[in-house]
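Here are my notes for someone opening this one for the first time. Have the viewer ready and follow the points in order.

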Amino acid sequence: MLNIMASKNDVRLQKFMAECGVASRRKSEELIEMGKVKVNGHVANIGDKINPKRDIVTVRGKKINKVDRMYYIMLNKPRGYVTTVSDELGRKTVMDLVDCKARVYPVGRLDKDSEGLIILTNDGSFANALTHPKHNYAKVYRVTVRPSVSDEILDKLRGGIEIDGRKTAPCDVNIITEEEGRVVLEFILREGRNRQIRKMCEAVNLEVARLKRISIGPVKLGMLQTGKSRELTDNEVRKLLRSSNPSEKEE
């Protein structure tokens with residue numbers, strides 16, 4: 001049993017894992033629940049605390065330590081890549097596109113057939129801020145659909161579509177360009193459910209030909225080429241953290 005002798009240096013295991021760049025706190029908890037984490041050779045449990053100066057923590061058999069530097073990376077994900085660190089099926093992952101000295105991981109997901117803005121980091125607190133539901137980051141997508149879109153369809157999409165027994169939150173949907181048999185829509189979502197836009201479109205008989213995320217909160221993809229990455233600027237990181245905390249006003 002861990003932490004019989006608690007001390008002021010003790011921290012929650014998932015917090016320590018996040019600070020070591022393993023994953024966000026939420027994902028770290030999942031690893032603990034899966035039995036992938038050990039402390040001093042013993043399988044860890046949710047709620048365990050550790051002393052970083054004394055205890056040895058391993059994830060999948062590899063010892064973890066606090067990172068020396070935090071990385072915040074923007075990637076323009078191409079189609080055909082899965083948004084995971086590794087893939088059991090041997091598919092290409094976003095990690096194949098990022099050259100970083102530290103062990104970073106993607107924050108949030110885009111499905112294999114979608115493209116656009118993905119953020120990767122080794123900062124667990126930052127990842128937690130970006131993924132926590134209460135922060136409600138607005139995420140903007142450009143979505144090419146077929147065949148055509150009526151005012152009735154737009155109203156249904158904006159008002160919410162029932163997916164898997166639960167209605168989606170109201171969102172903004174606007175027409176960007178329109179031609180015969182093809183429409184480009186802009187979706188602005190403040191929730192992130194699995195394949196949400198694709199399922200919403202399917203429910204109103206629209207075929208999604210292309211789906212690209214172009215911004216997360218105040219950070220925009222801009223002119224970053226497909227398959228390329230760059231580090232976020234200090235200002236972009238600050239803006240993301242500010243928008244995750246509405247009580248902090250931008251100067």
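1. Let's start with arginine 54. With a relative accessible area of 48%, arginine 54 falls in the partly exposed class, because that class runs from 20% up to 50%. Its salt-bridge partner is aspartate 55, and the closest N and O atoms of the two are 3.5 Å apart. Aspartate 55 has 12% relative accessibility, so it counts as buried. Keep in mind throughout that this is a predicted model.

2. How many salt bridges does the count come to? The count is 17. Another of them brings together the side chains of arginine 91 and aspartate 87, at 2.9 Å from N to O. Arginine 91 is partly exposed, its relative accessible area being 36%.

3. Now look at glutamate 207 and arginine 146, a salt bridge with its closest N and O atoms 3.3 Å apart. This pair links distant parts of the chain: glutamate 207 sits in strand β15 and arginine 146 in strand β10, 61 residues apart. Both ends are partly exposed, with 45% relative accessibility for glutamate 207 and 37% for arginine 146. Elsewhere, Arg79, Glu115 and Arg210 are joined into one network by salt bridges that share partners.

4. Next, a sheet. Four strands make up an open sheet, in the order β3-β2-β5-β6 and with antiparallel pairing. Its edge strands are β3 (42-43) and β6 (62-63), each of which pairs on one side only. Where β5 (residues 57-59) meets β6, the two run antiparallel over 2 bridges. If you want a pair to click on, threonine 58 has lysine 63 in β6 as its bridge partner.

5. Strand β7 (residues 72-77) deserves a closer look. Why is β7 described as largely enclosed by the rest of the structure? Because 6 of its 6 residues are buried. In a regular strand, side chains alternate between the two faces of the sheet. For β7, Tyr72, Met74 and Asn76 point one way, while Ile73, Leu75 and Lys77 point the other way, and all are buried. Do check Lys77 on screen, as it belongs to that buried set.

6. Which strands does β7 pair with? One is β9 (residues 115-121), in the antiparallel sense over 6 bridges. There, asparagine 76 stands opposite leucine 117. Another is β17 (residues 229-231), also antiparallel, over 3 bridges. On that side, leucine 75 has serine 229 as its bridge partner.

7. On to helix α5 (residues 196-203). Which of its residues are buried? They are Gln196, Ile197, Arg198, Met200 and Cys201. These buried residues pack against β10 (139-146), α4 (151-159), β11 (162-163), β14 and β15 (207-216). Just after α5 comes asparagine 205, which takes a positive phi of about 60 degrees.

8. Phenylalanine 187 is a good residue to centre the view on. It lies in strand β14 (residues 182-189). Is phenylalanine 187 buried or exposed? At 0% relative accessibility, it counts as buried. Leaving aside neighbours within four places in sequence, the contacts of phenylalanine 187 include Ile197, Met200 and Cys201, and those three are among the buried residues of α5. Phenylalanine 187 also touches Lys139, Val140, Tyr141 and Val143, along with Leu157, Asp172 and Val173. To get a sense of scale, select threonine 121, which is 66 residues away along the chain: its C-alpha atom and that of phenylalanine 187 are separated by 25 Å.

9. Last, the cysteines. The structure holds 0 disulfides. For cysteine 100, the nearest cysteine sulfur is that of cysteine 20, 16 Å away. That cannot count as a disulfide, because the sulfur atoms would have to be within 2.5 Å. Cysteine 100 is buried, with a relative accessible area of 19%, and the class requires a value under 20%. Cysteine 201 is likewise in no disulfide, and the nearest cysteine sulfur, belonging to cysteine 171, is 9.6 Å away. At 0% relative accessibility, cysteine 201 counts as buried. You have met this residue already, since cysteine 201 is in contact with phenylalanine 187.

How values were computed:
Residues numbered from 1 in each chain as written. Predicted model: local features only at pLDDT ≥ 70, side-chain atom pairs only at ≥ 80, totals over all residues. Heavy atoms only, no water. Buried < 20%, exposed > 50% of the residue type's maximum accessible area, 1.4 Å probe, protein only. Contact = heavy atoms within 4.5 Å. Salt bridge = Lys/Arg side-chain N within 4 Å of Asp/Glu carboxyl O. Pairing = 2+ DSSP bridges.
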